[in-house]
Amino acid sequence: MTDLAGQYFDAAVSLLQRARDEEGGNVERAAEALAEVVADGRRVFAFGAGHSSLPAQDVVYRAGGLVPMNLLAVPGVTGVDVMPAPLSSALERVSGLATATLDASPAVSGDLLFVISLSGRNMMPVELAAHARERGLTVIGLTSLAYPEAVSSRHPSGTYLKDHCDIVLDTKIAVGDGELAVEGAPTTFGPVSTLVASALIQAVVAVAVGKLTDRGVTPPLFRSGNVDGGTEWNARILAEQADRVFYTF
């Protein structure tokens, strides 16, 4: 293993340890909110733009995941799925797109929305979080609190994602999202934001599952489709949870 590979793993482990040690209380609060929504028969949505969509997608329709987790997919910004790719960055700064998407979705008051944005500065996550709270959704934000201290907001209000959330999980990622630097490279590299954000949201799900069992509620969980009986299990539980799942036909 090269020294840079070792440095990258060390940086990732260090940030994961910080998230574990410093965000435990917020993970607990977020998990309590998630468990409450699931136990009450409500729905859960997750949103992220660009690469921030990867942690959101990571909790939707996957083995060991909660069934009523839905991806709130805003056209053109969910991952790098548009050509030309820089258009997705431009769309994240367009006013009205996020709110129109939420209004057209099945989300209603009492549901829960995860909003994931590394910087938390762009129009879309700020507008989405603010609009969701106005509509009565609980909003959990995953963002780096280092950014508001270093960069300006792109929302006319001057606010950031963190200002429109009921609960904030700080990813601890440094501005620039690069943990490595070498002479000759024009900028930092080795991003770990996806790893940390995914770990945080999966930790929330894990704690919520434990809270549901503590209440005597059987958590609606997917099984792996690659184990015997998994496909049949998933088909049955999708049918049982059909009113809370919006990515099937």
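# A guided tour from Leu137 through the strands and cores

Begin by selecting Leu137, which is found in the loop linking helix 6 and strand 4. The model on display is a predicted one. Leu137 has a relative accessibility of 3% and therefore counts as buried, the cut-off being under 20%. Display its surroundings next: beyond neighbours within four places in sequence, Leu137 is in contact with Ala107, Val108, Ser109, Asp111, Leu113, Ala132 and Asp166. For a sense of distance, add Gly176, which is 39 residues from Leu137 in sequence and 31 Å away in space, C-alpha to C-alpha.

**Strand 3**

Now select residues 112-116, which form strand 3; five of its five residues are buried, so the strand is largely enclosed by the rest of the structure. Colour the two faces separately. Leu112, Phe114 and Ile116 lie on one side, Leu113 and Val115 lie on the other, and all are buried, so that both faces are covered.

Add strand 1 (residues 44-48), which runs parallel to strand 3 and is joined to it by five bridges. Within this pair, Phe114 of strand 3 has Ala46 opposite it. Then add strand 4 (residues 138-143), which also pairs with strand 3 in the parallel sense, over five bridges. Here Thr138 of strand 4 is the residue opposite Leu112. To follow the connection, trace the chain from strand 3 through helix 6 (residues 123-134) into strand 4: this β-α-β crossover is right-handed.

**Strand 5 and Thr171**

From strand 4, extend the selection to strand 5; the two run parallel and are joined by four bridges. Thr143 and Asp170 of strand 5 stand opposite each other. Strand 5 is covered on both faces, with Ile167 and Leu169 buried on one side and Val168 and Asp170 buried on the other.

Select Thr171 next, in the loop between strand 5 and helix 7. Thr171 counts as buried because its relative accessibility is 4%. Setting aside residues up to four places away in sequence, Thr171 touches Leu15, Leu118, Leu142, Thr143, Ser144, Val196, Ala197 and Leu200.

**The nonpolar cores**

In soluble globular proteins, nonpolar side chains tend to be buried together. To view the largest nonpolar core here, which has 39 residues, start with Leu34, Met69, Phe114 and Leu142, the members that touch the most others. At least two residues of this core come from each of helix 1 (3-22), helix 2 (24-39), strand 1, strand 3, strand 4, strand 5 (167-170) and helix 7 (193-214). Helix 7 contributes the most, with nine residues.

Centre the view on Leu34. Apart from neighbours within four places in sequence, Leu34 is in contact with Val44, Leu66, Met69, Leu112, Phe114, Val204, Val205 and Ala208. A second core, of 21 residues, lies apart from the largest one; Leu91, Met124, Leu137 and Val139 are among its members. The starting point of this tour, Leu137, thus reappears in that core.

**Helix 2 and helix 7**

Show helix 2 alone: its 16 residues reach 22 Å from the first C-alpha to the last, close to the 22 Å expected at 1.5 Å a residue. Its buried residues are Val27, Ala30, Ala31, Ala33, Leu34, Ala35, Val37 and Val38. Restore the rest of the model to see what these buried residues pack against: strand 1, strand 2 (69-71), strand 3, strand 4, strand 5 and helix 7. Just after helix 2, select Gly41, which takes a positive phi of about 80°.

Helix 7 can be inspected in the same manner. Its 22 residues reach 32 Å from first C-alpha to last, close to the expected 32 Å at 1.5 Å a residue. Buried within helix 7 are Ser193, Val196, Ala197, Ser198, Leu200, Ile201, Val204, Val205, Ala208, Val209, Lys211 and Leu212. Gly216 follows helix 7 and has a positive phi, near 85°.

**Ser105 and the annotated region**

Move to Ser105, in the loop between helix 5 (97-104) and strand 3. At 15% relative accessibility, Ser105 counts as buried. Add Phe246: it is 141 residues from Ser105 along the chain, yet their C-alpha atoms are separated by 9.1 Å.

Finally, select residues 34-211, which UniProt lists in an unreviewed entry as "domain: SIS". Over residues 34-211 the chain is 32% helix and 13% strand, and the end C-alpha atoms are 9 Å apart.

Terms used
Residues numbered from 1 in each chain as written. Predicted model: local features only at pLDDT ≥ 70, side-chain atom pairs only at ≥ 80, totals over all residues. Heavy atoms only, no water. Buried < 20%, exposed > 50% of the residue type's maximum accessible area, 1.4 Å probe, protein only. Pairing = 2+ DSSP bridges. Right-handed = clockwise from strand over helix to strand, strands pointing away. Core = buried A, V, L, I, M, F, W, Y, C linked by side-chain atoms within 4.5 Å. Contact = heavy atoms within 4.5 Å. UniProt positions renumbered as here; feature names shortened; annotations may be inferred. Expected span 1.5 Å × (residues − 1).
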